[in-house]
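Reader: Please take a close look at one part of this chain for me: its interior. I want to know what packs against what. Keep it brisk.

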Amino acid sequence: MAQVDGSYDCVTKSPMGDQKSVFTVTSDGDSFTGQNAGAMGSLDVENGKVDGNKLTWTMNMKVPMPMTLECEATIDGDALTGTIKAGAFGSMAMTGTRQG
């Protein structure tokens, strides 16, 4: 199993401009918990699943409007690449680098 645990400095390309956040991952076998915290607040990981170096999860956004985000990312060494699907807003690219 790939090492996915850690904190990642991330940027999401959103319709509101680049959104910087810190995404934390704590895995437990084929599942994980964590959160994505940035200027828009902190969103908890829900339904986090680990498949090798691929993560899938959802987050429930409340601001600026209620919406369930469907997320996936691949961890390659210290690099994270993924997408966040936000309903009618479509998919947004997410990239990150593991801290320290």
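Author: Buried means under 20% relative accessible area, exposed over 50%, and partly exposed in between, with a 1.4 Å probe and protein chains only. The model is predicted: local features need pLDDT of at least 70, side-chain atom pairs 80 or more, and totals for chains, interfaces and linings use all residues. Numbering starts from 1 along each chain as written, and side-chain values use heavy atoms, without hydrogens and water.

Start with the largest nonpolar core (buried Ala, Val, Leu, Ile, Met, Phe, Trp, Tyr and Cys joined through side-chain atoms within 4.5 Å). It has 23 residues. Those with the most contacts inside it are F23, F32, L55, W57, L69 and L80. Six elements give two or more residues each: β1, β2, β6, β7, β8 (79-85) and β9. These are strands (DSSP E runs of at least two residues, numbered from the N terminus). The largest share of the core comes from β7, with five residues.

Take F32 next. Contact here means heavy atoms within 4.5 Å. Beyond its neighbours within four places in sequence, F32 is in contact with F23, L55 and W57. Those three are also among the core residues with the most contacts. The list for F32 includes V25, T26 and S27 as well. It goes on with V45, G48, K49, V50 and T56.

Now to strand β3, where N36 lies. N36 has a relative accessible area of 10%, so it counts as buried. Its side chain makes a polar contact (N or O atoms within 3.5 Å, one able to donate a hydrogen and the other to accept it) with the side chain of S21, at 2.7 Å. Residues up to four places away in sequence aside, N36 touches S21, V22 and F23. F23 is thus shared, because it also appears in the contact list of F32. N36 also touches G41, S42, L43, M59 and M94.

M94 leads on to I84, whose contacts include it too. I84 lies in strand β8. Its relative accessibility is 4%, so I84 is buried. Not counting residues up to four places away in sequence, I84 touches L69, E70 and C71. L69 is one of the core residues with the most contacts. Other contacts of I84 are G90, S91 and M92. T12 is on the list of I84 too. I84 and T12 are 72 residues apart along the chain, yet their C-alpha atoms are separated by 8.1 Å.

A charged side chain comes next: R98, in strand β9 (residues 91-98). Is R98 buried or exposed? It is buried, because its relative accessibility is 17%. The side chain of R98 makes a polar contact with the side chain of Y8, at 3.1 Å. Neighbours within four places in sequence aside, R98 is in contact with Q3, V4, D5, G6, S7 and Y8. I75, G77 and D78 are in contact with R98 as well.

Finish with a contrast, N47 in strand β5 (residues 46-51). N47 has 54% relative accessibility, so it counts as exposed. Its backbone stands out in one respect: phi is near 55 degrees. That is a positive value in a residue other than glycine. So two asparagines bracket the picture: N36 is buried, whereas N47 is exposed.

Terms used: Helix = DSSP H or I, 4+ residues; strand = E, 2+ residues; numbered from the N terminus.
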